[in-house]
Amino acid sequence: MNTYCSVSVILSPPCPAVVSGVSHLSSDCFRTRDCQPNVSRTLDPPSQLPSLESRRSFNVEENIPLEDMWVLVWTVPASADPRSNYTSLKNRYTDYLHICHRSNPDIPKCIIDSVYSLRSKLAEGIPEFGVAPMDPMLINTLIPTDGHGLKIETTDLIVTGTRNFSVSHLIADIDKHKYKFQVRFPHMHIFGNYRIDGKIAKTVIKGQGDFDLDIYGVKCNVSLLGNVIDIDGLNYMRFHYISLRIEINRGNIELRNLFDGDKYLGEILNMAINANFLMFFMELRPIIQKVLEEFVLDTVDKLTQHFTYEQLFPD
């Protein structure tokens, strides 16, 4: 049986303080400049410690297995300069990405190399940055589309195959914060729930259930537009606009439970859809584009919000 003890950690002014190298603490520890006294939390072992905000004086009480106490035995430097917070964060960031200097004559290549260095971690997710896993990508929200006489709704989507992406044709204007590039996926698989009602090629189609979609030779042309904002005297990148256009070479889909489960009609309609899949895909495309747009924008925002613009693109 594990022996547990209560550990109190007290950090005194000046604010803020930085904890570096502690595996139980997330990377956004101690980022804020709002300081409040006497904050305490108790955690049932053996859960991970929660993220902690920077404070002038606070008391954190944790129930921690005795053998895990080492995670708290670290130097905790205190500084009145908020910019000192970012030294340890920057060091962690360079574990993931290549830093691209603004003077680099080949910024696009540097950015692409940086993305590739992060690819495997994006697939698994980066919890310390709040980045959700890319493969599988889980989309639980309702996504409707109302096309030419055909209404489709999808929920609870699971997207796989996204870890095998490549990036090319990057045009980067770092002064105006404009980025255009192409992302390719050899194969993507999407499983989820659907509701469909309407006509396609004069054929009535109606049903609701689950579906499997496979698409191949996926190309996404992406445009990102951002700006630099001032937060407490520090510069941060924020992206407020994304446009994503998807094209594919081929694909196939199986819609289950069409026409209230009529197996014969369902098989005929699935065969007809797949015989003209590219036409049917035009109806699905807005859904897939929205899924990818939201994921890309959310991921970029989660990554950039932890680091200053000067850390991302130093002179």
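How many bridges join strand S7 (residues 178-200) to strand S8 (residues 203-231)? The legends below work through that and a few other close-ups of this predicted model.

**View 1. The whole chain, before zooming in.**
Start with the overall layout: the chain has five helices and ten strands. It runs to 315 residues, and 42% of them count as buried. If you look at contacts with a separation of 6 or more, 66% of them come from residues 24 or more positions apart. About 16700 Å² of the chain is exposed, with carbon and sulfur atoms supplying 53% of that.

**View 2. Strands S7 and S8 run antiparallel.**
Here's the reply to the opening question: 22 bridges join S7 to S8, and the two strands run antiparallel. To get your bearings, find Lys178, which stands opposite Leu225 in S8. As you follow the strands, keep in mind that side chains in a regular strand alternate between the two faces of the sheet. Cys220 is worth a click too: with a relative accessible area of 1%, Cys220 is buried.

**View 3. S8 meets two more partners, S9 and S10.**
Stay with S8 and look at strand S9 (residues 234-247), which runs antiparallel to S8 and is joined to it by 13 bridges. Val222 makes a handy marker here, as Val222 stands opposite Leu244 in S9. S8 and S9 form a hairpin, with two residues between the strands. In that turn sits Asp232, whose phi is positive at about 55 degrees. Strand S10 (residues 250-255) also pairs with S8, again in the antiparallel sense, this time over six bridges. For that pairing, look for Tyr216, which stands opposite Arg250 in S10.

**View 4. The disulfide between Cys100 and Cys110.**
The count of disulfides in this model comes to one. Its partners are Cys100 and Cys110, with an S to S distance of 2.2 Å. Cys100 sits in the loop between helix H1 (85-93) and helix H2 (107-124), while Cys110 belongs to helix H2, so the pair ties together parts that are ten residues apart in sequence. A disulfide, as a reminder, is a covalent bond between the sulfur atoms of two cysteines. What makes this one left-handed? The torsion about the S-S bond is about -100 degrees, so the disulfide gets that label. Cys100 counts as buried at 3% relative accessibility, and Cys110 is buried as well, with a relative accessible area of 11%.

**View 5. A salt bridge along helix H2.**
The structure holds eleven salt bridges, and this close-up picks out one of them. Side chains of opposite charge can pair when their charged atoms come close. Here the side chains of Asp113 and Lys109 meet, 2.9 Å from N to O. Both residues lie in helix H2, four residues apart, which is about one turn of the helix. Asp113 is partly exposed at 29% relative accessibility, and Lys109 is partly exposed at 47%.

**View 6. A salt bridge along helix H4.**
Now move to helix H4 (residues 277-304), where Asp298 and Lys302 lie four residues apart, about one turn of the helix. They form a salt bridge, and the closest N and O atoms are 3.3 Å apart. Asp298 has a relative accessible area of 34% and is partly exposed. Lys302 is partly exposed too, at 22% relative accessibility.

**View 7. A salt-bridge network around Arg256.**
Which residues are linked in a network of salt bridges? They are Asp210, Asp212, Glu254 and Arg256. Within that group, the side chains of Arg256 and Glu254 meet at 3.2 Å, N to O. Arg256 counts as partly exposed at 25% relative accessibility, and Glu254 is partly exposed with a relative accessible area of 40%.

**View 8. A nonpolar patch on the surface.**
For the last stop, pull up Leu138, Ile158 and Phe191, which form a nonpolar patch on the surface. Together they have about 250 Å² of accessible area. Phe191 takes you back to strand S7, where it lies. Is Phe191 buried or partly exposed? With a relative accessible area of 31%, Phe191 is partly exposed.

Methods:
Residues are numbered from 1 along each chain as its sequence is written. This is a predicted model: local features need pLDDT of at least 70, side-chain atom pairs count only at pLDDT 80 or more; totals for chains, interfaces and linings use all residues. Side-chain values use heavy atoms; hydrogens and water are left out. Buried means under 20% relative accessible area, exposed over 50%, partly exposed in between (1.4 Å probe, protein chains only). Contact means heavy atoms within 4.5 Å. Accessible areas come from the Shrake-Rupley method with a 1.4 Å probe; for residues, only the protein chains shown count as cover. A disulfide is a pair of cysteine sulfur atoms within 2.5 Å. Two strands pair if DSSP finds at least two bridges between them. Patches are made of residues with over 30% relative accessible area and no salt bridge: like charges are joined within 9 Å, nonpolar side chains (Val, Leu, Ile, Met, Phe, Trp, Tyr) within 5 Å. A salt bridge is a side-chain nitrogen of Lys or Arg within 4 Å of a carboxyl oxygen of Asp or Glu.
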